[in-house]
Amino acid sequence: MRLEMGHIYIKDIQFAAESKIEDGILYVSEEAVKAVALEDEKIKSVSFDIAKPGESVRITPVKDVIEPRVKVEGRGGIFPGVIAKVDTVGEGKTYALKGMAVVTAGKIVGFQEGIIDMTGPGADYTPFSKTLNLVMVCEPVDGIKQHDYEKAVRFAGFRVAVYLGELARNLTPDETKVYETCTIKEGMEKYPNLPRVAYVQMLQSQGLLHDTYVYGVDAKKIVPTILSPTEVMDGAIVSGNCVSACDKNPTYVHLNNPVVHDMFEQHGKTINFVCQIITNENVYLADKQRSSDWTAKLCKMLDLDGVIVSQEGFGNPDTDLIMNCKKIEAEGVKTVIITDEYAGRDGKSQSLADSDPAADAVVTGGNANQVVILPKLDKVIGTLDYVTKIAGASEETLREDGSLEVELQVLTGATNETGFNKLSAR
Amino acid sequence: MIKYYMIITNNPLVPKKLDDSRIVIYRDISYEDVLKEVRDRIHEGHRLLSHPLSGSVKPNETPYKSVMISTGKGEIDEESLAIIENAIQACRKFAFKSDMYKPSVYEDFQLIDWTLLESGIASADAW
Amino acid sequence: MVKEVERAGIPVVHVCTVTPISMTVGANRIVPAIAIPHPLGNPALDKDEEKALRRKIVEKALSALETEVEGQTIFD
Amino acid sequence: MAKLKVVHYINQFFAQIGGEEKADYPAELRVGEVVGPGMALTQQFGEDAEIVATIICGDSYFNENLDKAKADILAMVKEQAPDVFVAGPAFNAGRYGVACGTIAAAVQEELGIPAVTGMYVENPGADMFKTKVYIVSTKNSAAGMRDAVKKLAPLAVKVGRGEVIGASSEEGYIPNGVRVNFFEKERGSVRAVKMLIKKLNDKPFETEFPMPDFDRVDPNPAVKDLAHAKVALVTSGGIVPKGNPDHIESSSASHYGEYDIAGVMDLTEETYETAHGGYDPVYANEDSDRVLPVDVLRDLEKEGRIGELHHLFYTTTGNGTAVASSKAFAEEFSKKLKNDGVDAVILTST
């Protein structure tokens, strides 16, 4: 499959009477985006705000982060099975608004987490301090169930992102990148001497606020399957989760999956990037066994030489990660796994809830228990009400001078397990 | 009556959500004690069916935990044992703050624990 | 624990019910035991039989100590 | 900032007193002198620190007169009251490495003066002391002096000033089991792809997180003559005298038990029980031999199959998996077992 990605660099976001993109400036009609968000009757009200890198702004509690995109050529549309109708995506031409994101915020449950600081020490850890953020805070209608509220906010974010992406449909991209994978046979012929490599992505799939969707299908209910790595660039995978903010993949990370991109960098040079394999992280142990058996089986059937396995979340997925690694290695396929650590505040505890000698090549996104002091910032988008109650926060969270003492856990994307960041640990 | 699994839980929502067709053992104990009760039963030969660290809400943050184990007993299941021991150890890495929330937050914790369990039940009932 | 004893320079045999755990904790000489609540016994047997069973395991443990091993070895 | 005061410890060889034939050289303090590798350190310290005294001790002397040597050297260091203590680097010299680790750890623990040392990762002193004191990772011979000093000097200054110490890969010390965050130059996915390519090409690569519990200890040689050997019993099954006199907790015990079984031929329901909370205790309480086979070993002792059953046994309630505290307990009682001349151990777990 061949996908041409057109990048349109956004240098600034401003509210204006009419939505448009001109000279790299995204003008947003507040009225128009509100109308898009409020299409769902479960959302009572929505407010929009802009947060820019370096500003003294804290966004919390963050639910999802989304990069606006538009499909300009080829089958399907962005977020197939969710916003666009079901159709296989990943070929043709897609434009993305780079340097910006739509951030959804809103309290779905009382202990919700997710902080994005646009300045200060927190900004060093969350990757979304570097994007221009259009933040939408959604309030639900009264008496709504958490399930419905979660879904409403999830969809509202996608609708707004798609609306903004559409503004770029007729623009000329600032930069174009081409991503192309071969069929199995083509790849064997074209790169007979390169190792055959795939990316095994584990998707969070445990329940409310712990779910991921593939073409609209709840990932709990999939068996492992293969994708062309270009499919995720059109929104084939979206996030429905926000607990454990530091190591959950927001939709932005799925769209810009760093393993996919960095494997493409080497594709045809040092490796033959064959495909992406997706699998899940269910609660039920027999599901884990089945899924890891299948990933190993797929690796074998595809005659792979090596894979990178990425994780999502804490605890339960450690077991999936080790099962996948062990079984894939047992098929003679070499693995590198990406994880993060919960080594305690002092760094002395056992980092993972499972381990195996087969996992001899590990990349880590750092210790999520590390304490960081976040100074008081001038403006809060969303609400601080819950910050004192979020994961990683302790009773001294809100200190006298208004600063927060928290663990990295609460910062959106801080210890991402797809290798999105530079943070690591030894 | 679905007899081949039972649920050990300290989440009061679970017995309310499930009727007599499921075996629910409700105990008013801590998160860690739920894991220990599960461990003791694994020692007796029950098998672990759902992951004890289900969910990303950390131990000591949420007070609630529901775990599925087999009703039947057999030889001690080594995999179950390894998982539960690791889970109990993992509890101690997190600062205790399950007693610091407003009442409404506990309901949310109960709900999330229930949805995690529910996904396990859905898988189990598919057999 | 077993590793620390070995590290101190004393040959050690681990009599353990769950041998994979024994492997994980790094024991080199491993003798499987009966069951978790009674690793070296079986209450279903009468006293003499039970002691004979226990003696068999202990003897196996002793011969494990007398055997040179390269790496982790389970003496079944 | 004022220059930090440094006391430097080296052996007889690096002090150019002599080789193996001078290894019995007793501890000597040279105030105001910079000796051997101290020159290179001084240069690297620049304006940050200076060596105010050098302590020289022969490797054999140190290890053979451990208590006296340690006490003497500690007194010398105390007198100089430095801001930081530097030992070595010892490279691959085994006894020197152990001496450096021992004295650096002692200075830190007993005098409260921060200390650093350096050695080759396979030096036995590295494994023994890496969790107690920062040990800079060096090459395996003194040819690596320049490289070693480049890492040792700045780390000494940092610990001397009480600054935050970064991750092992940044500072150059041997990983000490404490996980420290830092920012890499490349994002994780790039590092993963590079690691995979190395692994695919059978080139050496370094994992960022070594899997725990898989550090293996090589098996000790077999016991040659069990008929004359002293065999000891250890258990993680929590067997204790009836009434649990030391109150060993039922799980994750905070201490271990040491009990005398001299003259005990059989563990009975009236005399012994288990403190373990992890399994059904009924069977072990009925007959603790089911966990700790004293009865059988007494028979075997009588029959001459073993020389003797050690009169002490050790007990904990650690479950099968490794936990930090049980490791510490085991370190401690293993030392006792060794000192008591125990030739072999039977460790039982539930």
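Where is the place of Asn60(B)? I'll come to that in a moment, but first a word of caution: what you see above is a predicted model.

So, to Asn60(B). On chain B, Asn60(B) sits in the loop that runs between helix H2 (31-43) and strand E3 (66-70). Its backbone catches the eye: Asn60(B) is not a glycine, and yet its phi is positive, at about 75 degrees. As a reminder, most residues other than glycine have a negative phi. As for its surroundings, Asn60(B) has 19 other C-beta atoms within 10 Å, so it counts as partly exposed; the cut-off for buried is 20 or more.

Chain A has a residue of this kind too. Asp23(A), again not a glycine, has a positive phi of about 50 degrees. Look for Asp23(A) in the loop between strand E3 (20-22) and strand E4 (25-29) of chain A. Is Asp23(A) buried or exposed? Asp23(A) counts as exposed, because it has 6 C-beta neighbours inside 10 Å.

While we are on the backbone, let me show you two cis peptide bonds. In chain A, one joins Thr60(A) to Pro61(A), with omega at about -10 degrees. Pro61(A) is in the loop between strand E6 (57-60) and strand E7 (62-66) of chain A. In chain D, the bond from Gly88(D) to Pro89(D) is cis, and omega there is near 10 degrees. You can find Pro89(D) in the loop that links strand E4 (84-87) with helix H4 (94-111) of chain D. For context, most peptide bonds are trans.

Let's step back and look at chain A as a whole. Its secondary structure comes to eight helices and 26 strands. Along the principal axes, the C-alpha atoms of chain A fill a box of roughly 55 × 55 × 40 Å. The radius of gyration of chain A is 21 Å, which agrees with the value near 22 Å for a compact globule of 426 residues. Of those 426 residues, 64% count as buried. And if you take contacts in chain A between residues at least 6 apart in sequence, 79% of them join residues at least 24 apart.

Back to chain B, this time for a pair of helices. The axes of H2(B) and helix H3 (residues 78-91) come within 10 Å and cross at roughly 160 degrees. Angles over 145 degrees count as roughly antiparallel, and H2(B) and H3(B) are therefore roughly antiparallel to each other. Their crossing is left-handed. Who meets whom? From H2(B), the residues include Leu35(B), Val38(B) and Ile42(B), and from H3(B) they include Leu81(B), Ile84(B) and Ile88(B). By class, this helix contact has nine nonpolar, one polar and three charged residues.

Finally, the contacts between chains. How many residues of chain D are in contact with chain C? There are 47 from chain D, touching 42 of chain C. On the chain D side, helix H9 (282-286), helix H10 (294-302), helix H11 (324-339) and strand E14 (344-349) each supply at least two residues. H11(D) gives the most, with eight. That side of chain D divides into 24 nonpolar, eleven polar and twelve charged residues.

Chain C also touches chain B, where five residues of chain C are in contact with five of chain B. On the chain C side there, four are nonpolar, one is polar and none is charged.

That's my tour, and thanks for listening!

Terms used. Residues are numbered from 1 along each chain as its sequence is written. Chains are lettered from A and ligands numbered from 1 in the order in which they are written. This is a predicted model: local features need pLDDT of at least 70, side-chain atom pairs count only at pLDDT 80 or more; totals for chains, interfaces and linings use all residues. Helices (H or I, at least four residues) and strands (E, at least two) are DSSP runs, numbered from the N terminus. A residue is buried if 20 or more other C-beta atoms lie within 10 Å of its own, exposed if 12 or fewer, and partly exposed in between; C-beta atoms are placed from the backbone. Two residues are in contact if their C-beta atoms, placed from the backbone, lie within 7 Å. Ala, Val, Leu, Ile, Met, Phe, Trp, Tyr, Cys and Pro count as nonpolar, Asp, Glu, Lys and Arg as charged, and the others, Gly among them, as polar. Axes are lines fitted to C-alpha atoms, for helices over the stretch in contact, and angles run from 0 to 180 degrees between N-to-C directions. Angles under 35 degrees count as roughly parallel, over 145 as roughly antiparallel, 65 to 115 as roughly perpendicular and the rest as oblique. A crossing is left-handed if the near helix is turned anticlockwise from the far one by less than a right angle, and right-handed if clockwise. The radius of gyration is taken over C-alpha atoms; the globule rule is 2.2 Å times the number of residues to the power 0.38.
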